[in-house]
Structures are given as C-alpha cells and as structure tokens.
Amino acid sequence: MSSALEGKIALVTGGSRGIGAAIAKQLARDGANVAITYTSAKDKADEVVKEMEAIGRRAIAIRADNLAAEAMDLAVNETIAKLGGLDILVNNAGILHTGPIEDFTLEDFEQTIAINVRAPFLACRAAGRQMQAGGRIISIGSNLADRAPRPGLSLYSMSKAALVGMSKALARELGQKGITVNVVQPGSTDTEMNPADGAFADNQRARMALPGRFATPEDVAGLVAWLAGPGAASVTGSVYTIDRGSNA
Ligand code: NAP
C-alpha cells in the first residue's frame with residue numbers, strides 16, 4: 001500500500017457512491033484521512049467510512065446537500081474540526097440533467113448550477129481560506145465540457161465547462177499560496193449516474209478509441225490520487241481527460 005498521502009487530510013464531496021467513493025478509498029489507501037459528503041445515501045456513506053477505517057485511517061461521513069449554499073462551509077469546517085485540517089479537496093458531487101433546451105425549467109437550471117457549479121466554487125472559497133501551502137484542489141468535470149456528442153447536454157456541459165474556467169483562474173490565484181488546482185474530466189464511467197448497460201451505453205462505447213468497456217470509478221480515482229500526491233507538485237491549471245479516447 002502506498003503512503004504518498006500519509007498524514008494528509010482530504011474532503012471528497014459525493015463520496016458515498018460511484019466515482020467519489022472510489023476516490024475516497026484510493027486516497028485512504030495512499031495514506032490520507034478522509035471526510036466524505038453525501039445527501040441521502042447514509043448507509044453507503046457509512047460503508048465507505050468503515051472500509052477506510054478498516055485500513056487504519058480516520059474517516060467521517062458528513063451529510064451535506066449541495067443545493068444549500070451553506071453546505072460547503074459546514075463540510076469544510078467539520079472536516080477541519082474532526083480530522084484536524086484540510087490538505088486535499090475533491091469537488092466530485094454532481095448531477096446529470098439532460099433534455100432539449102425548450103423543455104428545461106428555471107428550476108432545472110438553478111439545481112444544476114447550485115450542485116455542479118456553486119458548491120464547487122464555495123468549497124474552493126472555504127479551502128482558499130483554510131488550506132496551507134501544498135494544498136490540492138481537484139474538481140471532477142466531464143469530457144462533455146469539450147464536446148457534446150448528442151443533443152440534450154446544454155445544461156450539463158455548461159456546468160462542467162464552468163469548472164475549467166474557475167480552476168484555471170484559481171490555479172493562478174491560489175498558486176500564490178502554494179495550492180494547486182486542477183480538473184479531471186471523466187468520460188463514460190460505470191456508476192449509477194451512467195450505468196454501462198444504460199440507454200446510451202452502446203453509443204458511448206462506439207466513440208471510444210480504446211474499445212470495449214466504460215472506465216471504472218477506480219480508473220478515475222487513480223488519476224485523482226496522482227494529482228493529490230507529491231508527483232504532481234508542479235501540475236496546476238491543468239485539465240486531464242480520462243475517457244478511453246472518446247474525444248480523440
Ligand atoms: P453518482 O453515482 O450519481 O454519485 C453521485 C454522488 O454525488 C453521490 O455520492 C451523491 O450522494 C452525491 N450527490 C448527488 N446530489 C448531491 C447533492 N445535492 N449534494 C451533495 N452530494 C450530492 O455519480 P458519479 O457517476 O459517481 O459522478 C461523480 C462525478 O463525476 C459527478 O460530478 C459527475 O458529473 C462526474 N462524471 C461522471 C461520469 C460518468 O460517466 N459516471 C462522466 C463524467 C463526469 P448520495 O449517494 O447521498 O445521493
């Protein structure tokens with residue numbers, strides 16, 4: 001087991017399932033103590049915490065609905081109060097809302113922006129106030145920020161593109177404090193949000209340069225853990241796409 005993150009403290013939003021759960025567990029395997037947030041899946045969040053504790057890490061699950069503006073300040077404060085600091089922030093929680101633009105309601109728009117954009121921004125604000133030199137911020141975007149392969153993606157693609165602009169600007173700003181800020185853009189990754197046997201799965205597989213299967217949450221977690229570790233100390237303001245070549 002690697003100890004690249006020994007003694008570091010991480011906060012992973014949306015760590016109860018899917019990509020976030022895999023990221024939390026990978027950071028823990030690499031040595032970090034980890035806080036995760038969830039909205040409704042308390043049982044799953046508790047299971048992830050237990051797995052991390054079983055390998056000797058300190059871990060907590062925080063209920064935080066990113067629809068609420070105060071959620072990220074509360075989550076960052078609780079992480080610091082219970083685990084003793086914040087070295088790594090992973091903005092992972094997100095929702096996928098698709099449909100023709102003619103059908104979107106203002107509520108659809110507000111919800112996507114609140115969860116996919118406002119919460120990462122507010123988490124970065126809290127981290128900017130609290131993190132020390134060596135801090136790492138990684139936001140989970142999407143390859144759909146670069147290219148929309150089918151109709152219906154305006155809201156989601158817009159929200160994920162916003163993370164790129166924010167992260168590049170913050171890389172320059174928080175770089176003054178020795179904090180790096182990067183984006184990881186998964187493509188089709190087998191989770192409840194986008195199951196490998198779902199309605200559009202065959203179309204997604206057909207776009208891949210590496211054919212055959214979706215990425216796994218663990219594939220994405222490996223890249224995030226590298227960005228969180230000492231090997232990526234000089235990497236900031238960068239966008240890493242991990243989509244089996246779908247946008248190649
Ligand atoms: P997922 O399986 O649906 O899991 C979503 C996670 O976010 C869960 O932990 C969920 O918590 C949490 N969450 C949902 N709504 C929330 C809210 N209002 N406040 C706080 N947390 C909330 O999704 P995933 O596929 O792992 O996606 C993780 C990230 O990767 C997202 O940002 C997504 O956009 C991005 N992504 C995914 C894919 C893909 O193909 N799967 C591709 C590109 C990018 P609960 O369990 O409590 O509901």
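Start by selecting Gly 187 together with the ligand: a polar backbone atom of Gly 187 sits 3.4 Å from an oxygen atom of the ligand, a pair that counts as a polar contact (N or O atoms within 3.5 Å; within protein, one must be able to donate a hydrogen and the other to accept it, and residues adjacent in sequence count only if both atoms are side-chain atoms). Before you go on, note that this is a predicted model, where local features need pLDDT of at least 70 and side-chain atom pairs pLDDT 80 or more, while totals for chains, interfaces and linings use all residues. Residues are numbered from 1 along each chain as its sequence is written, and side-chain values use heavy atoms, with hydrogens and water left out.

**Around the ligand**

Next, pick Asn 92, where a backbone N or O atom is 2.7 Å from an oxygen atom of the ligand. Then add Asp 65: an N or O atom in its side chain lies 3.0 Å from a nitrogen atom of the ligand. Taken alone, the ligand exposes 900 Å², and the protein buries 94% of that (Shrake-Rupley areas with a 1.4 Å probe).

Now show the whole shell, meaning residues with a heavy atom within 4 Å of the ligand. It holds 31 residues, the closest being Ser 16, Arg 17, Asn 92, Tyr 156 and Thr 191. Colour them by class and you will find 11 nonpolar, 16 polar and four charged residues, with Gly counted among the polar ones. Which elements give two or more residues to this shell? They are helix 1 (18-29) and helix 5 (154-174), helices here being DSSP runs of H or I with at least four residues, and strands runs of E with at least two.

**Away from the ligand**

Move to Leu 122 in helix 4 (residues 106-130). Leu 122 counts as buried because its relative accessibility is 12%, and the cut-off for buried is under 20% (1.4 Å probe, protein chains only). Add Asp 73 to the selection: the C-alpha atoms of Leu 122 and Asp 73 are 7.2 Å apart, with the two positions 49 residues apart along the chain.

Continue to Asn 194, in the loop between strand 6 (180-186) and helix 6 (201-206). Its relative accessible area is 19%, so Asn 194 is buried. Select Gln 204 as well, and you will see a polar contact of 2.8 Å between the side chains of Asn 194 and Gln 204.

Finish at Arg 244, in the segment after strand 7 (239-242). Is Arg 244 buried or exposed? Arg 244 counts as buried, because its relative accessibility is 17%. Check the backbone too: Arg 244 is not a glycine, yet has a positive phi of about 55 degrees.

Terms used:
Buried means under 20% relative accessible area, exposed over 50%, partly exposed in between (1.4 Å probe, protein chains only).
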